[in-house]
Amino acid sequence: MKQNILVELLTFWKNWHFRLLLDLTAKTKFSLRWKSMGVSVTARHQDEEVEMTRMAVQFELEDLNMRPDPEPLLTEMIHEAAYRENTVGLHRFCPAENVAKMSREVLHSYLRNYYTPDRMVLAGVGVEHEHLVECARKYLLGVQPAWGSVEAVDVDRSVAQYTGGIAKVERDMSSISLGPTPIPELTHIMVGLESCSFLEDDFIPFAVLNMMMGGGGSFSAGGPGKGMFSRLYLNVLNRHHWMYNATSYHHSYEDTGLLCIHASADPRQVREMVEIITKEFILMGGTVDAVELERAKTQLTSMLMMNLESRPVIFEDVGRQVLATRSRKLPHELCSLIRNVKPEDVKRVASKMLRGKPAVAALGDLTDLPTYEHIQTALSSKDGRLPRTYRLFR
């Protein structure tokens, strides 16, 4: 389930969220495959360093459940629901009970299996090729790693299996962000559908669709590049003042993808909020206005080129693209692919996506949350409406 920097640039315009990131910092840097915990690894692991890292991980896990912004936790939950018990659906955050089990031997075992030459790309920016090769020979060839030279075992190469489903966490959110101006108690919902991998031709149309949906928080300031004319702003946040957030996200991997909409509102309006989101999904498969499409393509191109002005981003772009696809698309090639996206391309990929099962993640007071079956029915209907429910007693 490898990712590359192209995926990050074309799918996340609100913030950078690297689901798979593993950097080895030394004389040179490497991009490696598969999963990691985002840890910088030195040549030797002292017991004190391991213990300090355990404490840091424990603190971050506690902090994760106290943050006003639930997006990292919801992202974990939506993957768990979409890929039930396989590949990217497995836990990304370390379970609290496993923190104490992390030891020098465990880390060395991980490094021995995954830090292998066939899983590495040596990338350089602003350096002569011959000098980079010379450095590689000097610092890498014939070097005995700290974790030993025992032959690595066969690593897991499972292909992601999209299952769809729901992941729910009932939680009292009233104590989040206490203070002079506390954030109101909110319920957070994320609804997603399977898209495509970044190796498929439909990846660019999906990136444009994600940009066209846009969205953000109800208190976001306007200005150039903020996406104030995206669909989730115009159709949701501008029309429904009680919604605190509506944002589109697109996660794309080597063998699968997931397009989601995250929304937040008062617990008493959860049902109405879910119906608004399902309606927006249905509208994705409808008519695409030429003006909004051009705006989304221009914004996507602008964001891509602006990020590629940074040398560290170019560095990661080279390493990740070569690692994931064995080649690198240049910026002008990407811009050409974006310009060639037509309204019928967006409508086609959206219609195909809507034929799949949804994935749902819900966090907070879920008393009025519609059932998974009702959400699935709404996404299969023509107007996105939830089935009516009747109660004998109020």
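This presentation describes the fold of one protein chain, moving from the overall content to the central sheet and then to the helices around it.

Let me begin with the basis of the work. This is a predicted model, in which local features need pLDDT of at least 70 and side-chain atom pairs count only at pLDDT 80 or more, while totals for chains, interfaces and linings use all residues. Residues are numbered from 1 along each chain as its sequence is written, and side-chain values use heavy atoms, with hydrogens and water left out.

The secondary structure of the protein chain comes to 13 helices and eight strands. Helices here are DSSP runs of H or I with at least four residues, strands are runs of E with at least two, and both are numbered from the N terminus. The chain has 394 residues, of which 48% count as buried. Buried means under 20% relative accessible area, exposed means over 50%, and partly exposed is in between, with a 1.4 Å probe and protein chains only. As for contacts, meaning heavy atoms within 4.5 Å, residues 24 or more positions apart account for 77% of those with a separation of 6 or more.

I turn now to the sheet. Six strands form an open sheet with mixed pairing, in the order β3-β8-β4-β7-β6-β5. Two strands are said to pair if DSSP finds at least two bridges between them. Which strands form the edges? The edge strands are β3 (165-170) and β5, each of which pairs on one side only. Neighbouring strands of this sheet are turned by 20 degrees against each other on average, with direction ignored.

Strand β6, residues 243-252, deserves a closer look. Nine of its ten residues are buried, so β6 is largely enclosed by the rest of the structure. On one hand, β6 pairs with strand β5 (residues 215-217) in the antiparallel sense over three bridges, and Thr247 in β6 is the bridge partner of Gly215. On the other, nine bridges join β6 to strand β7 (residues 257-265), and these two strands also run antiparallel. Cys260 in β7 is the bridge partner of Tyr249. The connection from β6 to β7 is a hairpin of four residues.

Strand β7 also runs antiparallel to β4 (residues 187-194), to which eight bridges join it. Cys260 appears again here, since Gly192 stands opposite Cys260 in β7.

Next, the helices that lie on the sheet. Helix α3 (residues 71-82) lies across β3, β4, β6, β7 and β8 (359-364), and runs at about 140 degrees to β8. Helix α6 lies across β5, β6 and β7, running at about 170 degrees to β6. For these angles, axes are lines fitted to C-alpha atoms, for helices over the stretch in contact, and angles run from 0 to 180 degrees between N-to-C directions.

Helix α6 also packs against other helices. How do α6 and α9 cross? The axes of α6 (residues 203-213) and α9 (residues 290-307) come within 9 Å and cross at roughly 105 degrees. The two helices are therefore roughly perpendicular to each other, a term that covers angles of 65 to 115 degrees. Met212 is one of the α6 residues in this contact, and Leu300 is among those from α9. By class, the contact has eight nonpolar, one polar and two charged residues. Ala, Val, Leu, Ile, Met, Phe, Trp, Tyr, Cys and Pro count as nonpolar, Asp, Glu, Lys and Arg as charged, and the others, Gly among them, as polar.

With helix α12 (residues 343-354), α6 packs at an angle of about 90 degrees, the axes being 9 Å apart. This pair is therefore also roughly perpendicular. The contact is made by Pro205, Phe206, Leu209 and Met212 of α6 and by Asp345, Val346, Val349, Ala350 and Met353 of α12. Its residues divide into eight nonpolar, no polar and one charged.

Two further helices complete the account. Helix α8 (residues 270-284) reaches 22 Å from its first C-alpha to its last, close to the 21 Å expected at 1.5 Å a residue; the expected span is 1.5 Å times one less than the number of residues. Eleven of the 15 residues of α8 are buried, including Glu275 and Glu280. For helix α10 (residues 311-325), the end C-alpha atoms are 21 Å apart, which agrees with the expected 21 Å. Among its buried residues are Glu316, Asp317 and Arg320. After α10 comes Arg326, whose phi is positive, near 65 degrees.

Conventions. Parallel < 35°, antiparallel > 145°, perpendicular 65-115°, else oblique.
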